[in-house]
There are 2 protein chains.
Amino acid sequence: MLGAMAHRPYHHGDLRAALLGCAEDALAEQGPDALSLRDLARRAGVSHAAPGRHFRGKDHLLDTLALTGFERLDTRLGEAAAEPGDPRSRLLALARGYVGFALDHPALLELMYARKHTPSRPEELTAAVGRLVETVLRPVTEGQDEGTIAPGDPGTIALTVAATLHGLTSYADADSLRELQEDLPAVVDLLLSGLLPR
Amino acid sequence: MLGAMAHRPYHHGDLRAALLGCAEDALAEQGPDALSLRDLARRAGVSHAAPGRHFRGKDHLLDTLALTGFERLDTRLGEAAAEPGDPRSRLLALARGYVGFALDHPALLELMYARKHTPSRPEELTAAVGRLVETVLRPVTEGQDEGTIAPGDPGTIALTVAATLHGLTSYADADSLRELQEDLPAVVDLLLSGLLPR
DNA sequence: ACCTGAACACCGTTCAAGT
DNA sequence: ACCTGAACACCGTTCAAGT
């Protein structure tokens with residue numbers, strides 16, 4: 001691993017992507033508060049000023065990383081939602097996908113929803129959240145067309161489902177996430193049948 | 001306001017509480033990343049080393065602030081859950097209380113659930129989350145005793161309700177929180193009746 | 001075009017010393 | 001008991017200069 005490029009070239013191959021990868025590693029290892037640009041530069045083997053060439057600042061780098069997280073989660077949920085089946089199995093696949101992502105990338109998921117109330121938050125992140133809700137919305141409207149999902153504003157339904165999935169991961173630490181992954185059928189049935197007695 | 005204590009005494013009256021208050025202000029004004037201990041000390045009118053007397057470090061101060069947030073939210077939800085009425089009105093009161101807290105203290109609520117995946121997270125915060133779920137759990141078991149809430153593991157039901165409420169605030173920015181507050185009846189009815197057609 | 005090295009203003013934390 | 005002031009090691013960002 002070392003001998004292949006003993007003295008790194010002056011121009012890093014793709015410093016931008018390398019920095020994002022290092023940032024994701026550092027996030028998982030040390031948490032978001034301990035992450036520093038200078039440390040990322042050291043990990044990537046460049047000077048501390050080099051990241052400034054590729055990102056406007058620390059916020060920009062973290063926002064970009066969060067955006068890649070939304071893209072990956074959206075892809076995963078889109079695949080789960082596209083699977084054929086009744087509403088229960090599709091909702092369960094959606095829930096398993098979300099909790100699975102939380103298990104695989106806990107710190108990244110936290111970053112994705114963090115710094116919500118900072119004025120500098122870019123519109124791109126808000127749009128990414130909207131796309132996620134849309135991914136959940138598609139199976140909802142399809143179910144309504146088939147008559148397997150109750151009528152009502154599909155936006156409200158999709159938002160509630162997405163919020164529940166995200167809220168579950170917020171309430172769980174690493175251990176309880178693993179338990180939750182197993183107990184998801186009960187949660188899904190609760191969402192499907194409701195809290196009132198039938 | 002100034003004349004009353006033109007030159008502040010050497011011993012601050014209650015620096016610990018003052019720092020927590022300043023921290024909450026700074027959090028709301030600048031967001032969590034911009035918050036610095038030295039700035040808090042300046043706001044409180046003490047030297048930059050003074051906070052070290054009352055908090056083990058920045059994390060300790062923020063964790064303490066988050067804990068006060070959980071206590072206030074728990075009190076608010078406890079009052080909402082204790083109101084008499086049918087399950088729908090009580091769940092609506094609970095939801096209004098949660099979203100109202102998010103409207104009043106958006107940055108504080110974010111802090112409360114942040115840094116979930118750092119090893120240093122104190123057990124006290126995990127316990128506070130547990131108490132919150134317990135506050136939601138009480139009306140659930142009462143409703144089950146009356147037969148107005150469907151049978152099933154009350155812990156799962158309470159966790160799902162709490163997760164949904166929290167997730168909703170995670171998906172909403174300041175503007176959509178205000179809209180959400182008005183649309184809560186639809187969300188509550190969805191939780192009560194479920195996603196399946198009746 | 002891309003990176004370095006020095007510089008600047010900040011920060012968290014510690015610790016002797018002051019009151 | 002509580003606070004200060006100096007000190008240390010770090011950080012984000014900028015900018016001339018190098019290749």
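Visitor: How many salt bridges does the rule find across the interface of chain B and chain A?

Guide: Two. This is a predicted model, by the way.

Visitor: Which side chain of chain A does D33(B) meet in a salt bridge?

Guide: That of R115(A). The N to O distance is 3.9 Å. The cut-off is 4 Å.

Visitor: And polar contacts, how many residue pairs between chain B and chain A?

Guide: The count is 18, with both residues at pLDDT 80 or more.

Visitor: Which helices of chain B supply the side that touches chain A?

Guide: α4 (87-104), α5 (106-113), α6 (123-146), α7 (154-171) and α8 (174-193) each give at least two residues. The largest share comes from α7(B), with 14 residues.

Visitor: How does that side divide into nonpolar, polar and charged?

Guide: For chain B, 28 residues are nonpolar, 14 are polar and five are charged.

Visitor: Switching to area. How much is buried between chain B and chain A?

Guide: About 4,400 Å². Carbon and sulfur atoms give 68% of that.

Visitor: Which residues in chain B lose the most area to chain A?

Guide: H117(B), Y171(B) and L195(B). Together they make up 19% of what the chain B side buries.

Visitor: How many residues does the contact take from each chain?

Guide: Chain B gives 47 and chain A gives 47.

Visitor: New topic. What turn lays chain B on chain A?

Guide: A turn of 180 degrees, with a shift of 0.0 Å along the axis. The RMSD is 0.0 Å. The two copies are therefore related as by a two-fold rotation axis.

Visitor: What share of the contact residues of chain B recur in chain A?

Guide: 100%. The same surface serves both copies.

Definitions and conventions
Residues are numbered from 1 along each chain as its sequence is written. Chains are lettered from A and ligands numbered from 1 in the order in which they are written. This is a predicted model: local features need pLDDT of at least 70, side-chain atom pairs count only at pLDDT 80 or more; totals for chains, interfaces and linings use all residues. Side-chain values use heavy atoms; hydrogens and water are left out. Copies are superposed by least squares on the C-alpha atoms of residues with pLDDT of at least 70 in both. Contact means heavy atoms within 4.5 Å. Buried area is the accessible area (1.4 Å probe) that two parts lose on being put together, summed over both. A polar contact is a pair of N or O atoms within 3.5 Å; within protein, one must be able to donate a hydrogen and the other to accept it, and residues adjacent in sequence count only if both atoms are side-chain atoms. Helices (H or I, at least four residues) and strands (E, at least two) are DSSP runs, numbered from the N terminus. Ala, Val, Leu, Ile, Met, Phe, Trp, Tyr, Cys and Pro count as nonpolar, Asp, Glu, Lys and Arg as charged, and the others, Gly among them, as polar.
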